[in-house]
Amino acid sequence: TTEMNRLGMKLAYHVHDPEMRASAREVHRMLLATRGVGMGLCMDYHWVYRGAGHSHVALEDVVTLYGDRTVSLHLRQSHHKVWTEHLDDGDIDYAHFARQLAQQKFSGPIILEAA
């Protein structure tokens, strides 16, 4: 990752729901094993939420543990576990996470996804 950083590139880990299964074993293993070597996190709130059994608590845990490594975001919303075409109030409390990102001074790209 040092050479990538020198070239202005960033390596980031992106997950979907399978990596969150079994208590997020794969996510924790990958992110703990790469702490301190420059690998970031492409945070996809909804895949983490969905893979954790639609648990906002598990999503908050991932954000608390690894949010400082977030280099990009994928945002998607759902209502009662069904993806929507709008990023409004729904299953995920994005206002809460926006406050956390502001505290962390997040400035990376945000990718909006619609179903």
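**Reading the labels in a predicted model**

In this predicted model, Cys42 stands opposite Ser72 in S3.

Q: What makes S2 and S3 a pair of strands?
A: Two strands pair if there are at least two bridges between them. Strand S2 (residues 40–44) and S3 are joined by four bridges, so the condition is met. The two strands run parallel.

Q: How do you know that S3 also pairs with strand S6 (residues 110–112)?
A: Count the bridges again: S3 and S6 share three, and at least two are needed, so they count as paired. Their sense is parallel. If you would like a place to look, find Leu73, which stands opposite Ile110 in S6.

Q: Why is strand S3 (residues 70–75) described as mostly covered?
A: Five of the six residues of S3 are buried. For each of those, buried means under 20% relative accessible area.

Q: Why do Tyr45 and Tyr94 count as an aromatic pair, and what kind of pair is it?
A: The structure holds three aromatic pairs, and Tyr45 with Tyr94 is one of them. Their ring centres are 5.7 Å apart, and rings pair if the centres lie within 6.5 Å. Now for the angle: the planes stand at 80 degrees, and over 60 counts as edge-to-face, so edge-to-face is the name for this pair.

Q: Which parts of the chain does the pair of Tyr45 and Tyr94 link?
A: Tyr45 is in helix H3 (residues 45–51) and Tyr94 is in helix H5 (residues 94–103), 49 residues apart. Both Tyr45 and Tyr94 are buried.

Q: What kind of aromatic pair do Trp47 and Trp83 form, and how do you know?
A: Use the two values in turn. The centres are 5.4 Å apart, which is within 6.5 Å, so the rings pair. The planes are 90 degrees apart, over the 60 that edge-to-face asks for, so this pair is edge-to-face as well. Trp47 lies in helix H3 and Trp83 in strand S5 (residues 82–83), so the pair ties together parts that are 36 residues apart in sequence.

Q: Is Trp47 called buried or exposed, and why?
A: Trp47 has 14% relative accessibility. The limit for buried is under 20%, so Trp47 counts as buried.

Q: Why is Trp83 given its label of partly exposed?
A: Trp83 has a relative accessible area of 29%. Buried would need under 20% and exposed over 50%, so Trp83 falls in between and is partly exposed.

Q: What makes the charged end of Arg76 count as sitting over the ring of Trp83?
A: The charged end of Arg76 is 4.4 Å from the ring centre of Trp83. A charge over a ring must be within 6 Å of the centre, so the distance fits. The label also asks for a place within 35 degrees of the ring normal.

Q: What makes the nonpolar surface patch, and how does Leu87 qualify on exposure?
A: Leu87, Ile110 and Leu112 make a patch of about 300 Å². Leu87 is in the loop between S5 and H5. Its relative accessible area is 42%, and patch residues need over 30%, so Leu87 passes on exposure.

Q: What is notable about phi in Ala22, and why is Ala22 called partly exposed?
A: Ala22 has a positive phi of about 55 degrees although it is not a glycine. Ala22 lies in helix H2 (residues 17–33). Its relative accessibility is 44%, which lies between 20% and 50%, so the label is partly exposed.

Q: Why does Ser23 count as exposed?
A: Ser23, in helix H2, has 70% relative accessibility. That is over 50%, so Ser23 is exposed. Its phi is near 60 degrees, also a positive value in a residue other than glycine.

Conventions. Residues are numbered from 1 along each chain as its sequence is written. This is a predicted model: local features need pLDDT of at least 70, side-chain atom pairs count only at pLDDT 80 or more; totals for chains, interfaces and linings use all residues. Side-chain values use heavy atoms; hydrogens and water are left out. Buried means under 20% relative accessible area, exposed over 50%, partly exposed in between (1.4 Å probe, protein chains only). Rings of Phe, Tyr and Trp (its six-membered ring) pair if their centres lie within 6.5 Å; planes under 30 degrees apart count as stacked, over 60 as edge-to-face and the rest as tilted. Patches are made of residues with over 30% relative accessible area and no salt bridge: like charges are joined within 9 Å, nonpolar side chains (Val, Leu, Ile, Met, Phe, Trp, Tyr) within 5 Å. Accessible areas come from the Shrake-Rupley method with a 1.4 Å probe; for residues, only the protein chains shown count as cover. A salt bridge is a side-chain nitrogen of Lys or Arg within 4 Å of a carboxyl oxygen of Asp or Glu.
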